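Here are some notes to read beside the coordinates. Please have the sequence to hand.

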Amino acid sequence: MLQPRLVLVEPLDNCRLFLEYETGEKREFDVSPYTSGPWYEELLNPSYFRAVRMLEGGTGIEWPHGQDVAPHELYELSVPVA
């Protein structure tokens, strides 16, 4: 399944991201399971974690040093929020 495009990504506390999609869906994604390896451990730094950005066209997200999460994982593993 193709996921809708992102229109907003905002960092939250405790390695979580708030995601809003073009459909109006609001979801929360927990990044903490990804932070155990050497490539992603930098995300444990709150200042660096807050540097997350949305890719052009809303196709995904990334951090300044290239860490990312696959767009389908962001959508499929996130949970709806009110």
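1. Where does Gln67 lie? In this predicted model, Gln67 sits in the loop between S5 and S6.

2. Is Gln67 buried or exposed? Gln67 has a relative accessible area of 1% and is buried, because buried means under 20%.

3. The side chain of Gln67 has polar partners. The side chains of Gln67 and Tyr48 make a polar contact of 2.6 Å. In addition, a polar atom of the Gln67 side chain lies 3.2 Å from the backbone oxygen of Trp39.

4. What else does Gln67 touch, leaving aside its neighbours within four places in sequence? Gln67 is in contact with Trp39, Tyr40, Glu42, Leu43, Tyr48, Ile61 and Glu62.

5. The strands on either side of that loop belong to an open sheet of three strands, in the order S4-S5-S6, with antiparallel pairing. Strand S4 (53–54) and strand S6 (68–69) are the edge strands, and each pairs on one side only. Two bridges link strand S5 (residues 61–62) to S6 in the antiparallel sense. Glu62 is placed opposite Asp68 in S6; Glu62 is also one of the residues in contact with Gln67.

6. On internal space: a search of the whole structure turns up one cavity of 30 Å³ or more. The largest cavity has a volume of about 30 Å³. Its lining is made up of Gln3, Pro4, Leu6, Tyr21, Gly58, Thr59, Gly60, Pro71 and Leu74.

7. How do the lining residues of the largest cavity divide? Five are nonpolar, four are polar and none is charged.

Definitions and conventions
Residues numbered from 1 in each chain as written. Predicted model: local features only at pLDDT ≥ 70, side-chain atom pairs only at ≥ 80, totals over all residues. Heavy atoms only, no water. 1 Å grid on protein atoms, 1.4 Å probe; cavity = no way out; pocket = protein on both sides within 12 Å on 5 of 7 lines; lining within 4 Å. Points joined across faces, edges and corners; volume = space filled by probe spheres on them. Nonpolar A, V, L, I, M, F, W, Y, C, P; charged D, E, K, R; others polar. Pairing = 2+ DSSP bridges. Helix = DSSP H or I, 4+ residues; strand = E, 2+ residues; numbered from the N terminus. Buried < 20%, exposed > 50% of the residue type's maximum accessible area, 1.4 Å probe, protein only. Polar contact = N/O pair within 3.5 Å; in protein donor to acceptor, adjacent residues only side chain to side chain. Contact = heavy atoms within 4.5 Å.
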